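Please look through the sequence and the model below. The paragraphs that follow go from the overall layout to single residues.

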Amino acid sequence: MGRSFRELGILVTSSEEAGQQVEVSVNDGIANLCEHGANHFSYGVIEAGIDFSAIDEGDIEPPALGIFGGYTIQLPPPRITSCRIEYINQYDGSFTLCGTNWDTVRQLAQHEAMENFIAAAKENDILARAEEEAGYVVANFVSGLTSRPVRVEFAPQEDDSELPQSCQSIIPAGWVKDENGAWKRR
């Protein structure tokens, strides 16, 4: 009877990024005569984890013969698995005589907040935490099932792994940042 693996899913570590303030300035109209902006409070969650479906039989080394042998398991490197803005609140909108689409300003703030959340999660070593937590959970789980010691190793981290779709923040069509960090229409 051969061994088989069933897709288990992803073991996830979350990084909740609460209380971020995002200020958005917009220079709109001819010669930027319609300058306006707003502040935003945002709350987001970035998750990182280990994809168990990437493990195959060759990643598990059974114990050597004898009573005291243990398992060695190689896991894939952790990666960011999902991103989401749970909440964003716009406040302190500036006064303008021009017609203003405040929802576009909020969408620009949501884009900036997502970029900031991802950067903060990376700076706070979310991938290292995901690796540490996955190693602990897998070692304890396998050791509990087999009554054998377990050593968990990780494949090398990819330099710049692609972020999942949920982390691909979309800038409203036609908007770019100028040299001063304000948003303007192309």
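What percentage of the 186 residues in the protein do buried residues make up? They make up 35%, where buried means under 20% relative accessible area, exposed over 50% and partly exposed in between, with a 1.4 Å probe and protein chains only. This is a predicted model, in which local features need pLDDT of at least 70 and side-chain atom pairs count only at pLDDT 80 or more, while totals for chains, interfaces and linings use all residues. Residues are numbered from 1 along each chain as its sequence is written, and side-chain values use heavy atoms, with hydrogens and water left out.

The secondary structure consists of two helices and eight strands. Helices (H or I, at least four residues) and strands (E, at least two) are DSSP runs, numbered from the N terminus. Along the sequence the pattern reads β-β-β-β-β-α-α-β-β-β. Among contacts in the protein with a separation of 6 or more, 77% join residues 24 or more positions apart; contact means heavy atoms within 4.5 Å.

One part of the fold is an open sheet of three strands in the order β3-β4-β6, with mixed pairing. Since β3 (60-61) and β6 (150-154) are the edge strands and each has a single partner strand, one side of each is left without a neighbour in the sheet. Strands of a sheet pair through backbone hydrogen bonds, either parallel or antiparallel. Two strands are taken as paired if DSSP finds at least two bridges between them. β3 pairs with β4 (residues 71-75) in the antiparallel sense over two bridges, and Glu 61 stands opposite Thr 72 in β4. Helix α2 (residues 126-146) packs on this sheet, where α2 touches β4 and β6, and its direction makes about 150° with that of β6. Axes here are lines fitted to C-alpha atoms, for helices over the stretch in contact, and angles run from 0 to 180 degrees between N-to-C directions. β4 and β6 pair in the parallel sense over five bridges; Tyr 71 has Val 150 in β6 as its bridge partner.

Next come the helices. The expected span of a helix is 1.5 Å times one less than its number of residues. For the 22 residues of α1 this gives 32 Å, which agrees with the 31 Å between its end C-alpha atoms. For the 21 residues of α2 the expected span is 30 Å, and the end C-alpha atoms are 30 Å apart, which agrees. At the N-terminal end of α1, Asn 101 acts as a cap, with a side-chain oxygen 3.0 Å from the backbone nitrogen of Asp 103. Just after α1, Asp 125 has a positive phi of about 55°. α2 is followed by Ser 147, whose phi is also positive, near 60°. The buried residues of α1 include Leu 108, His 111, Glu 112 and Phe 117, and those of α2 include Ile 126, Gly 135 and Val 138.

Where do buried side chains join up? A nonpolar core is a set of buried Ala, Val, Leu, Ile, Met, Phe, Trp, Tyr and Cys residues joined through side-chain atoms within 4.5 Å. The largest has 23 residues, of which Val 24, Val 26, Ile 46, Cys 83 and Ile 118 touch the most other members. Two or more residues each come from β1 (10-27), β2, β5 (79-91), α1 (102-123) and α2. α1 gives the largest share, eight residues. Leaving aside neighbours within four places in sequence, Val 26 is in contact with Cys 34, Glu 35, His 36, Val 105, Leu 108, Trp 175 and Trp 183. A second, separate core has eleven residues, including Ile 73, Leu 75, Val 138 and Val 142.

Two acidic residues complete the tour. Glu 47 is in strand β2 (residues 36-51) and counts as buried because its relative accessibility is 16%. Its side chain makes a polar contact with the side chain of Ser 82 at 2.7 Å. A polar contact is a pair of N or O atoms within 3.5 Å; within protein, one must be able to donate a hydrogen and the other to accept it, and residues adjacent in sequence count only if both atoms are side-chain atoms. Asp 56 is in the loop between β2 and β3 and is partly exposed, with a relative accessible area of 43%. The side chain of Asp 56 reaches the backbone nitrogen of Gly 58 at 3.0 Å.
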